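Student: Please take one part of this model and look at it closely, and then set it in its wider surroundings. I would like the terms and their cut-offs stated as you go.

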Amino acid sequence: MIEVDISNIWGEVSLPDLLAIEKEVFDAHMKLTDRNGEGNDFLGWLDLPVEEETEEIRRIRTAAKRIRETSDVFVVVGIGGSYLGPRAAIELLQGANRNFGKGKGDPAIFYAGNTLSTRAWHELTKLLEGKDFSLCLISKSGTTTEPAIATRALRFLLERKYGTEGAKKRIYAITDPVKGALRQMAEEEGWETFRIPQDVGGRYSVLTAVGLLPMAVAGIDPMEVMAGAVQAKADYDLRSFENPVWLYTATRNLLYRNGKAIELLASFEPGCKMLGAWWQQLFGESEGKDGKGIFPATAEFTADLHSLGQLVQQGSRNLFETMLRFDGPETPVLIGADYKNLDDLNYLQGKQLDFVDEQAYRGTLAAHADGGIPVITMEAGKLDAAKLGEVFYFFELSCAISAYILGVNPFNQPGVEDYKRNMFSLLGKPGYES
């Protein structure tokens, strides 16, 4: 289980506060598992962890093997949860630079359809020059502007390179099982399809084919990920403050009530950057409504200690931190010696880099806590595929319970449509003229 430590929040939150909110946490958890709260038609993610390999997962394995054998590059087309989940998983396990030196057998994985930047498009097309590539189109509707534009353009490149029939064998659609433009397009064109269950929203979809197919193409075993999620589902069903999910959700809501309107998720692993982006959408889109919500921000330490550290240490006291930690890798790195010692680092000679990282973490934790920043710490343990499944399920469950405590529907996003309506009107889309 992920260990949640709240010893650095006392002063902002008291033990009586924590005991007083226990019934709210219990009620929110029951509302979720009894499936009688707002948004209960989008609770399919609760049932995604499976112990036995399904037919869908077997097809994912087969498709991933084919893609790995025939493609130098796999392009994942999607926006929001349709790409943040798989990208978070792949970069957390394999690093942000995992694409260097990749090719057939272990393809590079690029992402498209998450921006309208012309520069980003030119960069992608240059990266695809001379490469064999396949596409993964992820969308429930198939009409979301950014991925739909990318789909048109990438299909053209694919058909020009392989011909219409050859291109069909390199396109994989992950979409609604029965309806939508992408479903219709896939059936008419004969693309292989995988499903996003109708009762699973995009930001909760990482344990569907949305996340599992790109992970499998990256060489991450889907059933190992599932094993972690299955264990998490059992472990975090505990109905007491011995449950780390309860501690996390109760504490963040109490801090919010005490004026801490920003949560800074910080990690000392650069590979956590996209996990932070996934977490940011999960909590921001689930909680930010009805004039409520904790603003989710992220930081990469130690790098951001040299940019945000001053603000965190001595700025407005309107935030709290959640520090996420993983065990170090099995292969250590030792710090060498320099006989001139001009950098004055010989006192670290022979010590492991992980040791220095640990002291940086401990020093930062103490400084921020002493500076008046409440800090929740999470020790997640060994980082592997099973841990991915656990982390995803932990945060999804925490988010749903926390939103119910906050008094909002965790599964809708009515405000997201406002910018789209304005954009469509400005673009002259039929039906949006006014």
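**A close look at strand β9**

Tutor: Strands β9 and β10 run parallel to each other and are joined by 5 bridges, where two strands count as paired if DSSP finds at least two bridges between them. Strands here are DSSP runs of E with at least two residues, helices are runs of H or I with at least four residues, and both are numbered from the N terminus. Everything that follows describes a predicted model, in which local features need pLDDT of at least 70 and side-chain atom pairs count only at pLDDT 80 or more, while totals for chains, interfaces and linings use all residues. Residues are numbered from 1 along each chain as its sequence is written, and side-chain values use heavy atoms, with hydrogens and water left out.

Within the pairing of β9 with β10, E321 has V375 as its bridge partner. β7 also pairs with β9, in the parallel sense and over 6 bridges, and there A266 is matched with M323 of β9.

These pairings belong to an open sheet of 5 strands with mixed pairing, arranged in the order β1-β10-β9-β7-β8. The edges are taken by β1 (3–8) and β8 (295–300), and because each has a single partner strand, one side of each is left without a neighbour in the sheet. On average, neighbouring strands of this sheet are turned by 20° against each other, with direction ignored; the axes behind such angles are lines fitted to C-alpha atoms, for helices over the stretch in contact, and angles run from 0 to 180 degrees between N-to-C directions. Helix α11 (residues 273–287) packs on the sheet and touches β7 (262–267), β8 and β9 (319–325), with its direction at about 170° to that of β8. On the other side of β10 (residues 375–379) in the strand order, β1 pairs with β10 in the antiparallel sense over 4 bridges, and V375 is the bridge partner of N8 there.

As to cover, 7 of the 7 residues of β9 are buried, where buried means under 20% relative accessible area, exposed means over 50%, and partly exposed lies in between (1.4 Å probe, protein chains only). In a regular strand the side chains alternate between the two faces of the sheet. In β9, L319, E321, M323 and R325 point one way, F320, T322 and L324 point the other way, and all are buried.

One residue of β9 deserves a separate look, namely R325, which counts as buried because its relative accessibility is 8%. With neighbours within four places in sequence set aside, R325 is in contact (heavy atoms within 4.5 Å) with F268, D357, E358, Y361, M378, E379, A380 and G381.

Two loops that adjoin strands of this sheet hold backbone details that you may wish to inspect. The loop between β8 and α12 (309–314) contains T302, and the peptide bond from F301 to T302 is cis, with omega near 15°. The loop between β9 and α13 (353–370) contains N341, which has a positive phi of about 55° although it is not a glycine; at 23% relative accessibility, N341 counts as partly exposed.

For the wider setting, the protein chain has 15 helices and 10 strands. Its radius of gyration, taken over C-alpha atoms, is 23 Å, close to the 22 Å that the globule rule gives for 434 residues, so the chain is as compact as a globular protein of that length; the rule is 2.2 Å times the number of residues to the power 0.38. Of the 434 residues, 48% count as buried, and 79% of the contacts with a separation of 6 or more are between residues 24 or more positions apart.

Finally, a search of the whole structure finds 0 disulfides, a disulfide being a pair of cysteine sulfur atoms within 2.5 Å. C399 is in none, and the nearest cysteine sulfur, that of C272, is 18 Å away. C399 is buried at 0% relative accessibility, and C136 is likewise buried, with a relative accessible area of 0%.
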